[in-house]
Amino acid sequence: MLKRYLLCILLITISFVSCKNRGFNDDVFIEGGEYDFSKVLDTNLETVSVKSFYISRYKVTRKEYENFLKENSYKEYSSNSSEYSLDVTMPKSDCPAMFVSFYDACEFCNYLSSKHNFQKVYDLSNLPEIKTDNNANGYRLPSKNEWFYAFFGGKESLKNKWWENISYSDYIYDCFAKHISVGTLKPNPLKLYDMLGNGLEWTGTEIHRDNLNDDLKYAFVVGTGIPGNKIQDYDSLTDFLKYFYMEEPVAKMEDELFYIGFRVARNAEWKVSYFFLYQRHLLFWHIFPSGYVPA
């Protein structure tokens with residue numbers, strides 16, 4: 001009986017590790033927590049709480065996005081710019097994918113979810129309206145607060161403001177017209193790459209403002225690369241991040257711009273606990289005799 005019990009534990013462990021590693025683009029686990037913007041960015045904002053989640057180590061690349069377009073016969077990948085072609089903006093296949101609208105990014109997330117046997121997060125059947133299942137365990141765009149929490153390095157790295165002591169040239173490539181291979185620049189403490197450069201990123205946070213067109217939908221974008229707005233123009237990186245968080249740069253969800261790409265995220269807490277309980281029940285049911293309940 002002891003051997004059966006140990007075998008059960010071993011199988012659970014193997015299944016759990018297999019599930020944890022079954023991701024895209026080298027998903028990085030971010031332990032949830034709280035952070036106080038009054039201390040981090042010198043603002044009067046309230047404490048922000050973030051649940052544990054996964055986020056991709058790199059931006060989605062041109063090759064990954066082109067594979068999605070091809071496998072789903074989604075649409076032709078093209079540049080809508082008379083000045084910048086795909087090959088000018090993304091000269092290598094491992095450059096971050098640009099010319100991707102918010103809706104396209106959501107379609108890619110659903111594609112990834114199906115590919116990895118996760119639940120789809122987005123219902124895109126009635127665009128421009130999007131229905132989001134926040135409890136699904138599939139891929140999605142990270143929220144504004146998740147992205148900043150991941151950039152800061154989670155609750156441990158929040159304490160030392162590591163970003164104030166960096167050399168900009170190591171972390172930032174802000175030529176918004178031409179991009180370099182993902183992972184070329186230095187990563188943050190969580191080994192996440194290109195958070196400060198190599199193109200902006202969509203987030204899943206919608207923006208509603210009185211001065212925006214009510215007939216169009218907008219989403220928050222993060223990172224560096226907005227034409228005419230450089231980190232070097234600010235007194236410190238903290239001032240730049242404060243500006244980005246407070247002023248909330250946005251783009252129309254339908255826009256396909258040569259300086260906005262994206263990375264993906266997914267929920268962590270629900271998926272892990274459910275999978276563990278399911279595997280535990282299933283294995284006990286088949287391995288142990290009827291009526292046996294492990295201590």
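## A tour from the inner cavities outward

The lining of the second largest cavity divides into seven nonpolar residues, one polar residue and no charged residue, where Ala, Val, Leu, Ile, Met, Phe, Trp, Tyr, Cys and Pro count as nonpolar, Asp, Glu, Lys and Arg as charged, and the others, Gly among them, as polar. The model on screen is predicted, and for that reason local features are given at pLDDT of at least 70 and side-chain atom pairs at pLDDT 80 or more, while totals for chains, interfaces and linings use all residues. Residues are numbered from 1 along each chain as its sequence is written, and side-chain values use heavy atoms, with hydrogens and water left out.

**Stop one: the second largest cavity**

To display this lining, select Trp147, Phe148, Leu196, Val222, Gly223, Phe240, Leu241 and Phe244. Two elements, H6 and helix H9 (237-247), each give two or more residues to it, and the largest share, three residues, comes from H9; helices (H or I, at least four residues) and strands (E, at least two) are DSSP runs, numbered from the N terminus. The space enclosed here is about 30 Å³. A cavity is a set of points, on a 1 Å grid over the protein atoms alone, where a 1.4 Å probe fits but cannot get out, and lining residues have an atom within 4 Å of a point. Grid points are joined across faces, edges and corners, and a volume is the space filled by probe spheres set on the points.

**Stop two: the largest cavity**

The structure holds two cavities of 30 Å³ or more, and the largest of them contains about 50 Å³ of space. Select Phe151, Trp162, Tyr171, Lys186, Pro187, Asn188, Leu192, Asp194, Met195 and Leu196 to see its lining, which by class has seven nonpolar, one polar and two charged residues.

**Stop three: the aromatic rings**

Next, show the aromatic side chains, among which there are 34 pairs. The rings of Phe148 and Phe220 have centres 6.4 Å apart and planes at 45°, so this pair is tilted. Phe148 in helix H6 and Phe220 in strand S9 (residues 218-222) are 72 residues apart, and their pair links distant parts of the chain. Phe148 is buried at 0% relative accessibility, and Phe220 is likewise buried, with a relative accessible area of 0%. For comparison, select Tyr243 and Phe244, whose ring centres lie 5.9 Å apart with the planes at 75°, so that this pair is edge-to-face. Rings of Phe, Tyr and Trp (its six-membered ring) pair if their centres lie within 6.5 Å, and planes under 30 degrees apart count as stacked, over 60 as edge-to-face and the rest as tilted. Tyr243 is partly exposed at 30% relative accessibility, whereas Phe244 is buried at 3%; buried means under 20% relative accessible area, exposed over 50%, and partly exposed in between (1.4 Å probe, protein chains only).

Widen the selection to Tyr35, Trp147, Phe148, Tyr149, Phe151, Phe152, Trp162, Trp163, Tyr171, Phe220 and Tyr245, which form one aromatic cluster. Then add Lys144, whose charged end sits over the ring of Tyr245, 3.8 Å from its centre, and also over the ring of Phe220, 4.7 Å from its centre. A charge sits over a ring if NZ of Lys or CZ of Arg is within 6 Å of the ring centre and within 35 degrees of the ring normal.

**Stop four: the largest pocket**

Turn now to the largest pocket, which holds about 570 Å³ of space; a pocket is an open set of grid points with protein on both sides within 12 Å along at least five of seven lines. It is lined by 26 residues, and those to select are Asn134, Arg140, Ser143, Glu146 and Asn267, which lie nearest its centre. Strand S3 (47-50), S6, helix H6 (144-152), strand S8 (200-207) and helix H10 (269-287) each supply at least two residues of the lining, with S8 giving the most, three residues. The lining divides into ten nonpolar, ten polar and six charged residues.

**Stop five: backbone details**

Most residues other than glycine have a negative phi, and most peptide bonds are trans. Select Leu127 and Pro128, where the peptide bond is cis, with omega near 10°; Pro128 belongs to the loop between strand S5 (122-126) and strand S6 (129-132). Ser73, in the loop between helix H3 (62-72) and helix H4 (86-89), has a positive phi near 45° and is exposed at 66% relative accessibility. Phe99, in the loop between H4 and helix H5 (102-115), has a positive phi near 55° but is buried, with a relative accessible area of 1%.
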